[in-house]
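Work through the exercises below with the sequence and the model at hand. Each task sentence is followed by a solution in steps.

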Amino acid sequence: MTPSLEGEHVILVPYTKSHVPKYHGWMQDPFLLQTTGSEPLSLEEEYQMQISWTQDPSKRTFIVLDKGLVVEDFVNGEAHVEAMVGDVNIYMNDMDDPKVAEIEIMIAEPKSRGKGLGKESVLMMIAYAVEHLGIHTFRAKIGESNGASRNMFYKLGFKEASYSEIFKEWTLELPVTRALQDELHQLIGKMITHV
C-alpha cells in the first residue's frame, strides 16, 4: 500500500476514486489543460485513468493536500477532498534506464499557488522516489509558456537538458548526487510517513 507523506505545509496522499470528481473539475480549466499538456476527459475516463495510475508499477501519483485546509485532524486513508490543491506524479518511462523518472507537479487551486506547496511536494516526491524506488535521475518536461514551473524546477537544481521545437517544451534534469542525497535525508527526517 502506498503511504501518505506529511511535510511542513503539505500532505501527499494516494490518488483514490474519492478524489476523481474534484480532479475532473480542475481538468476542465483551459489554463490547466494547456500548462499540463493534457486533453479533457469525461468523468468516466477520469475514473479509468485513476485506476490505471494505481495499478501501473511504472507510475506513482499523490494528491497534494494543503495542511492548512484540512478540516479537523488528518486521518490517513480519508480523502480530505476539502484540502486538495493539486497532484505530483512520476513516470518511470525510460526504456533504457528504469531508474530515471519524469516528474510532474500541478497546483490546480489558484489560491494555493505561489506559497511553496509545489516546491515542497516535488522535494517530497523526489525523496520518496530515491528512497523507495532507487531513482537516480529526474526529468521534468515543461511547456515554454509555463515560466513559473520552469523557475521552480531551476531553483530545485534542475538544469536544461534539451528543448523540443515540435512540442515547445523544455526537458530539465536533476541527477541524484551525494549532496542531493544528504539534503533529501534531512527532509526525510522531517517527514511523517503514514501507513
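A residue is called buried under 20% relative accessible area, exposed over 50%, and partly exposed in between, with a 1.4 Å probe and protein chains only. The model is predicted, so local features need pLDDT of at least 70 and side-chain atom pairs count only at pLDDT 80 or more, while totals for chains, interfaces and linings use all residues. Residues are numbered from 1 along each chain as its sequence is written, and side-chain values use heavy atoms, with hydrogens and water left out.

**Exercise 1.** Classify Asp-66 as buried or exposed, and find its salt-bridge partner.

Solution. Asp-66 has 8% relative accessibility and therefore counts as buried. A salt bridge requires a side-chain nitrogen of Lys or Arg within 4 Å of a carboxyl oxygen of Asp or Glu. Asp-66 meets this with Lys-115, the closest N and O atoms being 3.9 Å apart. Asp-66 lies in strand E3 and Lys-115 in the loop between strand E5 (100-107) and H4, so the pair links parts of the chain 49 residues apart. Strands (E, at least two residues) and helices (H or I, at least four) are DSSP runs, numbered from the N terminus.

**Exercise 2.** Locate the partner of Lys-67 and give the accessibility of both residues.

Solution. The partner is Glu-6, with the closest N and O atoms 3.0 Å apart. Lys-67 sits in the loop between strand E3 (59-66) and strand E4 (84-91), Glu-6 in strand E1 (residues 4-6), and 61 residues separate them. Lys-67 is partly exposed at 28% relative accessible area. Glu-6, at 13%, counts as buried.

**Exercise 3.** Which strands does the salt bridge between Arg-139 and Glu-173 link?

Solution. The closest N and O atoms of Arg-139 and Glu-173 are 2.6 Å apart. Arg-139 belongs to strand E6 (residues 137-143) and Glu-173 to strand E8 (residues 169-175), 34 residues apart. Arg-139 is partly exposed at 25% relative accessibility, and Glu-173 is partly exposed with a relative accessible area of 25%. Elsewhere, Lys-22, Glu-109 and Lys-111 are joined into one network by salt bridges that share partners. The whole structure holds nine salt bridges.

**Exercise 4.** Check the length of helix H4 and describe its surroundings.

Solution. The expected span is 1.5 Å times one less than the number of residues. For the 17 residues of H4 (residues 117-133) this gives 24 Å, and the end C-alpha atoms are 23 Å apart, which agrees. Of these 17 residues, 14 are buried, so H4 is largely enclosed by the rest of the structure. Gly-134 follows H4 and has a positive phi, near 70°.
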